[in-house]
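Colleague: Could you walk me through one part of this model in some detail? I'd like to hear about a single strand and what surrounds it.

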Amino acid sequence: VQLAESGGGLVQTGGSLRLTCAASGSTSSHNAMSWYRQAPGKQRELVAAISSGSRPTHYADFVKGRFTLARDNGPNTMALQMNDLKPEDTAVYYCKATFWDGAYWGPDYWGQGTQVTVSS
């Protein structure tokens, strides 16, 4: 499984960015995908998560009302729309995905990360 991330960059405070992640390879439409981020000197933290089925999309408290996560172009993709960005949102953002093989959830797959920098 390969995860392709795109959309990072440099933006001013209050600006917007859209991150996308697309999974390819041995995937399944029954999956769970999420975005994490890691700022320098800090632990990696969950930003938002989406899964197939009826479970609602999950957001970390620090992004509620500003970020929106949704499927992009198919069940193995997702897009994170980030609005009203703040300097504290500066981090490397990672896509994570896991897939149901019909009997078990498989391992977690991670993307290589995309840098988001918000200038004050």
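Modeller: Here is a close look at strand S9 and the core it feeds. Keep in mind that this is a predicted model, where local features need pLDDT of at least 70, side-chain atom pairs count only at pLDDT 80 or more, and totals for chains, interfaces and linings use all residues. Residues are numbered from 1 along each chain as its sequence is written, and side-chain values use heavy atoms, with hydrogens and water left out.

S9 covers residues 91-99; strands here are DSSP runs of E, at least two residues, numbered from the N terminus. Eight of its nine residues are buried, so S9 is largely enclosed by the rest of the structure (buried means under 20% relative accessible area with a 1.4 Å probe, protein chains only).

Now for its neighbours; two strands count as paired if DSSP finds at least two bridges between them. S4 runs antiparallel to S9, joined by eight bridges, and Trp35 has Cys95 as its bridge partner in S9. With S11 there are three bridges, again antiparallel; one of the partnerships is Val92 with Gln115. S10 (residues 109-110) pairs with S9 in the antiparallel sense too, over two bridges, and there Ala97 is matched with Tyr109.

Then there's the largest nonpolar core, with 28 residues. Such a core is a set of buried Ala, Val, Leu, Ile, Met, Phe, Trp, Tyr and Cys residues joined through side-chain atoms within 4.5 Å. Trp35, Leu80, Met82 and Tyr93 have the most contacts inside it, and S9 gives the most to this core, with five residues.

Conventions: Buried means under 20% relative accessible area, exposed over 50%, partly exposed in between (1.4 Å probe, protein chains only). Helices (H or I, at least four residues) and strands (E, at least two) are DSSP runs, numbered from the N terminus.
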